[in-house]
Amino acid sequence: MKRTVPSVLSVMVCLEGMPKKVRGVRRDLARTKGCFRFCSSSKSPWRLPSSGSSQTDFAGPSPPSSLEKMTDLVAVWDVALSDGIHKIEFEHGTTSGKRVVYVDGKEEIRKEWMFKLVGKETFCVGAAKTKATINIDAVSGFAYEYTLEINGKSLKKYMENRSKTTHTWVLHLDGEDCRVVLEKDTMDVWCNGKKMETAGEFVDDGTETHFSFGNHDCYIKAVSSGKRKEGIIHTLIVDNREIPETPE
């Protein structure tokens, strides 16, 4: 069968039919399902026909941001801090070097073009502005490893240390879940992301840290275990009812 080579005029007509923002900009070739996609800075996809198709498909509006976001999403972490559990999401474009960091769905960092594909990104998480760093390391070929550090420690090490310095309780009050966190080193109490006003009181067998949640009277009682390894035992009491601790 004789093939017809498109003329210069037909190519010019084809280009005229493309969105203006697509023409004259850098395009990165990304393989998708059954087709190739050229992505411009305007996020408007230009797709070549898949096998069996006879004409070029110029797509319309850009896909929703959530769909774009999933395209280069490479890592997700859940980080438990005193003010709540925060979700950190990281996008990494391994062709363009794009880096985007989201904390609880909010964009914190966006870098569209990065010549260097490895490195790190540092940002803050939570009400206490806890320092977090995402490390990007090349493993082999085009494979990359992504690790999260909190306050200079790996996430695993940070959570291990945190379990020794905090206590967490989760209970149901007034139709909603309530997460109470005690920081043992400062005796600060957090409830559903809010730092509570507290009042300390000495009692016969230890101390009590009182605070209120809605119309509920709460306090955390601290008594000695009598054992050196166990140290101080902390117990949450809400409306004269002991609440079991929740491991994180």
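This passage describes the fold, the enclosed and open spaces, the cysteines and a few local features of a predicted model.

The secondary structure of the protein comprises three helices and 21 strands. Of the 248 residues in the protein, 34% are buried. When contacts between residues at least 6 apart in sequence are considered, 25% of them join residues at least 24 apart.

A convenient place to begin is the interior. One cavity of 30 Å³ or more is present in the structure, and the largest cavity holds about 30 Å³ of space. Its lining consists of L171, L173, C178, V180, F211, F213, C218, L236 and V238. Four strands each contribute at least two residues to this lining, namely β13 (166-173), β14 (176-183), β18 (206-213) and β20 (232-238). In chemical terms the lining of the largest cavity is made up of nine nonpolar residues, with no polar and no charged ones.

One of these lining residues, L173, deserves a closer look. L173 belongs to strand β13 and is buried, with a relative accessibility of 5%. Beyond its neighbours within four places in sequence, L173 makes contact with F213, H216 and V238. Two of these partners, F213 and V238, also appear in the lining of the largest cavity. As for H216, 43 residues separate it from L173 in sequence, while the C-alpha atoms of the two residues are 8.7 Å apart in space.

Another residue of the cavity lining, C178, leads to the cysteines. The structure contains zero disulfides. For C178, the closest cysteine sulfur is that of C191, at 3.1 Å; this is too far for a bond, because a disulfide requires the two sulfur atoms to lie within 2.5 Å. C191 is likewise in no disulfide, and the nearest cysteine sulfur to its own is that of C178, 3.1 Å away. Both residues sit in the interior: C178 is buried at 2% relative accessibility, and C191 is buried with a relative accessible area of 3%.

Helix α3 (residues 155-165) offers a picture of how a helix is placed against strands. L155, Y158 and R162 are its buried residues. They lie on the same side of α3, because they cover an arc of only 60° around the axis. The face of the helix turned away from this buried side carries the exposed residues K156 and K164. The buried residues of α3 pack against five strands: β5 (73-81), β11 (143-150), β12 (153-154), β13 and β14. Among these, β13 and β14 are also strands that supply residues to the lining of the largest cavity.

Helix α3 is also involved in an open space. The second largest pocket contains about 320 Å³ of space and is lined by 18 residues. Those nearest its centre are S82, N151, Y158, R162 and E183. Y158 and R162 are thus both buried residues of α3 and residues nearest the centre of the second largest pocket. With four residues, α3 provides the largest share of this lining. The lining of the second largest pocket is mixed in character, with six nonpolar, seven polar and five charged residues.

The region around β13 and β14 also includes residues at the surface. D174 is found in the loop between these two strands and counts as exposed at 59% relative accessibility. Its backbone is worth noting. Most residues other than glycine have a negative phi. D174, although not a glycine, has a positive phi of about 50°. N192 shows a positive phi of about 50° as well, and N192 is not a glycine either. This residue lies in the loop between β15 (188-191) and β16 (194-195) and is partly exposed, at 38% relative accessibility.

D177, in strand β14, links this loop to β13. D177 is exposed, at 53% relative accessibility. Setting aside residues up to four places away in sequence, D177 touches L171, H172 and N192. D177 and N192 are 15 residues apart along the chain, with their C-alpha atoms separated by 8.5 Å. Of the other two partners, L171 is one of the residues lining the largest cavity.

Note on methods. Residues are numbered from 1 along each chain as its sequence is written. This is a predicted model: local features need pLDDT of at least 70, side-chain atom pairs count only at pLDDT 80 or more; totals for chains, interfaces and linings use all residues. Side-chain values use heavy atoms; hydrogens and water are left out. On a 1 Å grid over the protein atoms alone, a cavity is a set of points where a 1.4 Å probe fits but cannot get out, and a pocket is an open set with protein on both sides within 12 Å along at least five of seven lines; lining residues have an atom within 4 Å of a point. Grid points are joined across faces, edges and corners, and a volume is the space filled by probe spheres set on the points. Ala, Val, Leu, Ile, Met, Phe, Trp, Tyr, Cys and Pro count as nonpolar, Asp, Glu, Lys and Arg as charged, and the others, Gly among them, as polar. Buried means under 20% relative accessible area, exposed over 50%, partly exposed in between (1.4 Å probe, protein chains only). The arc is that of the directions from the helix axis to the C-beta atoms. Contact means heavy atoms within 4.5 Å.
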